[in-house]
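This briefing sets out how the parts of one assembly meet, taking the nucleic acid first and the protein chains second. Please keep the sequence and the structure in view while reading.

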Protein chains: 2
Amino acid sequence: MQEAVQDILKKNQLSITGSRVKILELFLEQQGALAHGDIERRTGEKFDRVTVYRTLQVFLNKGIIHTIPTSDNSVLYALCKDDCGEGHHHDNHVHFVCDDCGTTMCLDDVTVPVIRLPKGFKFTQIQVVVNGRCKDCNRD
Amino acid sequence: MQEAVQDILKKNQLSITGSRVKILELFLEQQGALAHGDIERRTGEKFDRVTVYRTLQVFLNKGIIHTIPTSDNSVLYALCKDDCGEGHHHDNHVHFVCDDCGTTMCLDDVTVPVIRLPKGFKFTQIQVVVNGRCKDCNRD
DNA sequence: ATTATTTTGCAACAAAGTTGCATCTGTTTA
DNA sequence: TAAACAGATGCAACTTTGTTGCAAAATAAT
């Protein structure tokens with residue numbers, strides 16, 4: 001885990017600092033998306049709010065994480081898979097929000113469908129947000 | 001136009017007030033989505049910020065407008081078509097954001113695709129956000 | 001026209017996000 | 001390994017966005 005974090009930072013030519021390591025660890029531990037507030041709480045408010053914002057911004061620019069559009073318009077961040085980097089920024093994504101437990105995740109293996117747009121429209125990116133019940137919540 | 005506005009308000013059992021009329025007119029005039037800021041500006045700051053928020057909230061509850069999730073997490077509002085009302089709240093929507101002119105619109109005639117979710121997942125709602133160039137911007 | 005009900009604007013507040021700057025930490029080089 | 005440099009951090013102050021309670025004003029009902 002420690003190594004994975006360092007690898008990612010080095011690969012992206014980022015210096016290895018406390019906040020970056022800690023925040024990246026959070027993303028790796030938890031399969032799912034995190035809000036800015038979550039991150040502050042789960043780092044034990046060890047880092048300044050500003051630092052968290054700036055760290056997330058850096059990760060966004062490097063393509064390490066990406067944002068997820070939500071219907072309630074809170075900002076969520078999620079780890080990107082390997083095929084995303086600077087330049088190639090998540091052309092297509094399917095995100096799932098569980099109405100029960102609130103978990104938001106990126107369904108990487110689900111392919112984004114082709115959408116027939118009206119005449120004259122050209123698309124560059126498609127994001128899909130699915131609401132429903134996740135695997136865990138459906139057990140009960 | 002005046003009539004259309006009054007009709008909508010009456011149909012939803014809302015009293016006819018300055019801000020409601022003006023804001024509804026904005027939505028009817030403009031085919032596309034509006035941010036809260038847009039609305040304030042285009043009403044000439046005639047109404048208090050709070051009033052605008054509350055008016056939008058009322059329209060949302062009544063199903064007159066709906067919000068659109070955007071990748072940059074700004075809140076956008078758009079008019080609903082007739083088949084949306086209290087209770088039946090936009091289960092499926094395709095929204096288009098033009099990267100050129102920034103216009104965001106609701107593509108009502110585009111059908112939302114079926115998405116195969118992983119085992120155990122159940123969906124209740126699907127929102128699709130498409131980025132690209134709109135009809136108008138593609139002319140040049 | 002008068003009353004009852006809603007809606008509005010104001011003030012104050014809370015949350016979310018940004019900026020500039022001095023200080024500190026990580027990295028590089030000798 | 002120590003000095004020097006570049007970059008990251010924390011603090012303070014500020015802006016933007018959104019919320020709440022309450023008195024005044026506008027709308028609807030009688």
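Which helices each supply at least two residues of the surface near DNA strand C? They are α4 (49-62) of chain A, together with α2 (18-29) and α4 (49-62) of chain B. The model is predicted, and the points below should be read with that in mind.

**The surface near DNA strand C**

- DNA strand C is surrounded by 17 residues, and the closest of these are B:Thr17, B:Ser19, B:Arg20, B:Thr51 and B:Arg54; of the atoms of the strand that come within 4 Å of the protein, sugar and phosphate account for 64%.
- Although the closest residues just named belong to chain B, the largest share of the surface near DNA strand C comes from α4(A), which provides 4 residues.
- Sorted by class, the surface near DNA strand C consists of 6 nonpolar, 5 polar and 6 charged residues.

**Side chains at the phosphates of DNA strand C**

- From chain B, an N or O atom in the side chain of B:Ser19 is 2.5 Å from a phosphate oxygen of DNA strand C, and an N or O atom in the side chain of B:Thr17 is 2.8 Å from a phosphate oxygen of that strand.
- From chain A, the side chain of A:Tyr53 places a polar atom 2.8 Å from a phosphate oxygen of DNA strand C.

**The interface of chain A and chain B**

- The two protein chains meet through 36 residues of chain B and 36 residues of chain A, and the area buried between them is about 2900 Å², with carbon and sulfur atoms giving 61% of that area.
- Across this interface the rule finds 0 salt bridges, whereas it finds 12 residue pairs in polar contact, counting pairs in which both residues have pLDDT 80 or more.
- On the side of chain B that touches chain A, β2 (65-68) and β6 (122-133) each supply at least two residues, and β6(B) gives the most, with 12 residues.
- The residues on that side of chain B divide into 18 nonpolar, 12 polar and 6 charged.

**Strand pairing between the chains**

- Strand β6 of chain A, which spans residues 122-133, pairs with β6(B) in the antiparallel sense, and the pairing runs over 11 bridges.
- Within this pairing, A:Phe123 has B:Gly132 of β6(B) as its bridge partner.
- β6(B) therefore appears under two topics here, as a strand paired with β6 of chain A and as the element that gives the most to the side of chain B that touches chain A.

Methods. Residues are numbered from 1 along each chain as its sequence is written. Chains are lettered from A and ligands numbered from 1 in the order in which they are written. This is a predicted model: local features need pLDDT of at least 70, side-chain atom pairs count only at pLDDT 80 or more; totals for chains, interfaces and linings use all residues. Side-chain values use heavy atoms; hydrogens and water are left out. A residue is near a molecule or strand if one of its heavy atoms lies within 4 Å of it. A polar contact is a pair of N or O atoms within 3.5 Å; within protein, one must be able to donate a hydrogen and the other to accept it, and residues adjacent in sequence count only if both atoms are side-chain atoms. Ala, Val, Leu, Ile, Met, Phe, Trp, Tyr, Cys and Pro count as nonpolar, Asp, Glu, Lys and Arg as charged, and the others, Gly among them, as polar. Contact means heavy atoms within 4.5 Å. Buried area is the accessible area (1.4 Å probe) that two parts lose on being put together, summed over both. A salt bridge is a side-chain nitrogen of Lys or Arg within 4 Å of a carboxyl oxygen of Asp or Glu. Two strands pair if DSSP finds at least two bridges between them.
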